[in-house]
Amino acid sequence: MNIKLILIWTGRIVLLLSLFFILFVIGSMAVSGVLPDIESEPGLVPDNIGFLIFGILNTILIIALILSSRWHGWKLVLTLAFAYYGAVTFLPQIETWYFMSNITVSSKLLPRLFIMGLPVAFIYVPLTVLILRKRRMNSIIEHTATVKMPVKQLLFKLLGIALLYIVLYWGAGYYIAWQNPDLRSFYGSPGAILPFWEHTTNTLRLDSGLMPFQALRGMLWTLCAIPIISGSKVNAWWTAILVGLFFTIPQISGLILKNPLMPIASVRLSHMIEGIASNFVFGMIIVWLLHREHNSLKNLFGIKEIKKYS
């Protein structure tokens, strides 16, 4: 790579990072004046450094999503913008509605949290596509992901994905996040932790809508991943890593900052570890199941059939 190309890409990245910060701040104005008056504990790093890390990680992720796609123009703009809004704003905020409406999120604040993500998804993503597509980078890896398979197989896989999401969500939630007594108190369950099966049974009895709600979220996560898989020009492994990061970086990077909606630092840290453990794995599983047709369970798990000769 020559000096001129390095300077061009450095300029583009600086420009894109600046645009990300500007549009993120514009979006944040939607919640100005309606955030709860709660003093948040400090983030994992000082505010300025944390905000810079947050911006860099999200900017690099969006660049990677664009450069790894074989699509361009309006097809790329629309699919990526809606997928990004879904994964980064809509899905986290419907969970905020479900769990935090009676804790730190008021009825006035909640709709504004959905508005907050609009500028980055629907202005920044198109601008980034425009800036990066001035010069295409040729991939050295062949496109392999298609999400093309018989309808019956696709439906079975989607059902499996919904069940797998519940397993990952509930397992990581209990064995990682729920182990934190501060987190249990924050969500209204102070005291000693119950054994796994007792906790699960109590939840199913007292909150019968939780598992269907999370199954629906699993399906919506999948819808956000399908445009990335279908448009990918890199191989299945790299696509899986990319989707895992797509499901992880935007949602987790914000937790390094102080936050009046989740003011306790240990609660944010527990959710960060939980999200990395579950969302990244879930994103990779979606790609594994949907990147191509599988003719059998052996084919799904990469087991070669041994031919018998008489």
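1. Two rings of Phe, Tyr or Trp are taken as a pair if their centres lie within 6.5 Å, the six-membered ring being used for Trp. Under this rule, the count for the structure is 28 aromatic pairs. The structure is a predicted model, and the points below describe that model.

2. One of the pairs joins Tyr85 and Phe122, with 5.6 Å from centre to centre and 40 degrees between the planes; the pair is tilted. Its two members belong to distant parts of the chain: Tyr85 lies in helix 3 (residues 73-100) and Phe122 in helix 5 (residues 118-132), 37 residues apart. Tyr85 counts as buried, its relative accessibility being 14%. Phe122, by contrast, is partly exposed, with a relative accessible area of 31%.

3. A second tilted pair is made by Tyr169 and Trp170, whose ring centres are 6.5 Å apart and whose planes are 35 degrees apart. Are these two residues buried or exposed? Tyr169 has a relative accessibility of 12% and counts as buried. Trp170, at 13%, also counts as buried.

4. Tyr169 and Trp170 are part of one aromatic cluster, together with Tyr84, Tyr165, Trp221, Phe246, Phe247 and Phe282. Several of these names return in the helix contacts described next. Tyr165 and Tyr169 of helix 6 take part in the contact with helix 12, as does Phe282 of helix 12. Trp221 of helix 9 belongs to the contact with helix 12, and Phe246 of helix 10 belongs to the contact with helix 2.

5. Helix 6 (residues 151-175) packs against helix 12 at an angle of about 165 degrees, and their axes are 10 Å apart. Angles over 145 degrees count as roughly antiparallel, so helix 6 is roughly antiparallel to helix 12. The crossing is right-handed. On the side of helix 6, the contact is made by Leu154, Lys157, Ile161, Leu164, Tyr165, Leu168, Tyr169, Ala172 and Gly173; helix 12 contributes Glu274, Ser278, Val281, Phe282, Ile285, Ile286, Leu289 and Leu290. By class, these residues divide into 13 nonpolar, 2 polar and 2 charged.

6. Helix 12 (residues 265-290) also meets helix 9 (residues 210-231): their axes come within 10 Å and cross at roughly 60 degrees. Helix 9 and helix 12 are therefore oblique to each other. This crossing, too, is right-handed. Gly218, Trp221, Thr222, Ala225, Ile226 and Ile229 of helix 9 touch Asn279, Phe282, Ile286, Val287 and Leu290 of helix 12. The contact has 8 nonpolar and 3 polar residues, and no charged residues. Phe282, Ile286 and Leu290 of helix 12 appear both here and in the contact with helix 6.

7. What is the handedness of the crossing of helix 2 and helix 10? It is left-handed. The axes of helix 2 and helix 10 (residues 236-246) come within 11 Å and cross at roughly 145 degrees. Leu61, Ala64 and Leu65 of helix 2 meet Leu242, Leu245 and Phe246 of helix 10. The contact consists of 6 nonpolar residues, with no polar and no charged ones.

8. Pro250 is located in helix 11 (residues 249-253) and is buried, its relative accessible area being 8%. Its C-alpha atom is 6.0 Å from that of Val88, although 162 residues separate the two in sequence. Apart from neighbours within four places in sequence, Pro250 contacts Phe54, Asn58, Leu61, Tyr84, Val88 and Leu245. Of these, Leu61 and Leu245 are also part of the contact between helix 2 and helix 10, and Tyr84 is a member of the aromatic cluster.

9. Gly231 belongs to helix 9. Gly231 is buried, with a relative accessible area of 1%. Which residues does Gly231 contact, leaving aside its neighbours within four places in sequence? They are Ser68, Ser69, Arg70 and Trp71. In addition, the C-alpha atoms of Gly231 and Lys75 are 9.7 Å apart, with the two positions 156 residues apart in sequence numbering.

10. Val45 lies in the loop between helix 1 (3-28) and helix 2 (47-67). With a relative accessible area of 26%, Val45 is partly exposed. Beyond residues up to four places away in sequence, Val45 touches Gly50, Ile53 and Ile256. The C-alpha atoms of Val45 and Lys258 are separated by 9.1 Å, while the two residues are 213 residues apart along the chain.

Terms used:
Residues numbered from 1 in each chain as written. Predicted model: local features only at pLDDT ≥ 70, side-chain atom pairs only at ≥ 80, totals over all residues. Heavy atoms only, no water. Axes fitted to C-alpha atoms, helices over the stretch in contact; angles between N-to-C directions. Helix = DSSP H or I, 4+ residues; strand = E, 2+ residues; numbered from the N terminus. Parallel < 35°, antiparallel > 145°, perpendicular 65-115°, else oblique. Left-handed = near helix turned anticlockwise from the far one by under 90°. Contact = heavy atoms within 4.5 Å. Nonpolar A, V, L, I, M, F, W, Y, C, P; charged D, E, K, R; others polar. Phe/Tyr/Trp six-rings, centres within 6.5 Å; stacked < 30°, edge-to-face > 60°. Buried < 20%, exposed > 50% of the residue type's maximum accessible area, 1.4 Å probe, protein only.
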